[in-house]
Amino acid sequence: MQPQYIEPLARCAPAGIPKSLYWHGYQISQYPGYVLFQFNSGTRIIHLDGKPHLPDNIKLWNGDSRGHWEGNTLVVDVTNQNGKALFGRSGEFISENGHIEERYIFSNEERDRYIYQATLTDPTVYTRPFTVTVPARRWSAKDQPNGWHFEVEPANYLGKDTLKEPILDHYERVCAENNGGFGLVAEESAKK
């Protein structure tokens, strides 16, 4: 089987957009000028500094992301897809000509949930734009780890000092091809 037909995560490749946001857990951090997403399969930077997109000849697994805030909503324009990422296990994809507009809507007062919306436009692959909506939940130290959405270990000490609130930190995970239960991977049949 050719690599392009095998689930990218099983090959240690990034999941792409929007799959990275519903496959496993991730961490979001905001810094001056950008937002950083940390996934098990890599990172993604959303630039907030007003710089233009990268040149068209540069293609990325997670695309090139430029964003801005509209009130409580982070609006992100994603271009420069490499056409290799899949949305799901059935082979849904976006080509190099695809464009994604994302909205991260942070609206609840408890700050433990947000709504992710992505409108995908790709005349090379799809007959019309379509929108996906994913409700997202923030996991914290109060939640019970379940090995799927919340893969962090609370750090209760800084040196010898006990912390008032634990710091949540992801384990570093080394990716080795076919090291997880991703399914739909190639398997060589026994030779007769």
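At 34% relative accessibility, Glu101 counts as partly exposed, a label that covers the range between buried (under 20% relative accessible area) and exposed (over 50%), worked out with a 1.4 Å probe on protein chains only. This is a predicted model, in which local features need pLDDT of at least 70 and side-chain atom pairs count only at pLDDT 80 or more, while totals for chains, interfaces and linings use all residues. Residues are numbered from 1 along each chain as its sequence is written, and side-chain values use heavy atoms, with hydrogens and water left out.

Glu101 pairs up with Arg103 in a salt bridge, with 3.5 Å between the closest N and O atoms; the term stands for a side-chain nitrogen of Lys or Arg within 4 Å of a carboxyl oxygen of Asp or Glu. Arg103 also meets the side chain of Glu70 in a salt bridge, at 3.6 Å from N to O. That second pair ties together distant parts of the chain, as Glu70 sits in strand β4 (residues 64-70) and Arg103 in strand β6, 33 residues apart. Strands here are DSSP runs (E, at least two residues), numbered from the N terminus. Put together, Glu70, Glu101 and Arg103 are linked in a network of salt bridges. Glu70 is partly exposed because its relative accessibility comes to 39%, and Arg103, at 25%, counts as partly exposed too.

The structure holds five salt bridges, and another one of them joins Arg66 to Asp64, with the closest N and O atoms 3.4 Å apart. Here the partners are tucked away: Arg66 is buried, with a relative accessible area of 14%, and Asp64 counts as buried at 4% relative accessibility.

Next comes the loop between β5 (73-79) and β6 (99-105), where Ser95 lies. Glu96 is found in the loop between β5 and β6 as well. Ser95 counts as buried because its relative accessibility is 9%, whereas Glu96, at 42%, counts as partly exposed. Leaving aside neighbours within four places in sequence, Ser95 is in contact with Gln81, Gly83, Asp122, Thr124 and Val125, contact being heavy atoms within 4.5 Å. On the same terms, Glu96 is in contact with Lys59, Gln81, Asn82 and Gly83. Gln81 and Gly83 thus turn up on both lists. For Glu96 and Gly83, 13 residues apart along the chain, the C-alpha atoms are separated by 4.8 Å.

Note on methods:
Helix = DSSP H or I, 4+ residues; strand = E, 2+ residues; numbered from the N terminus.
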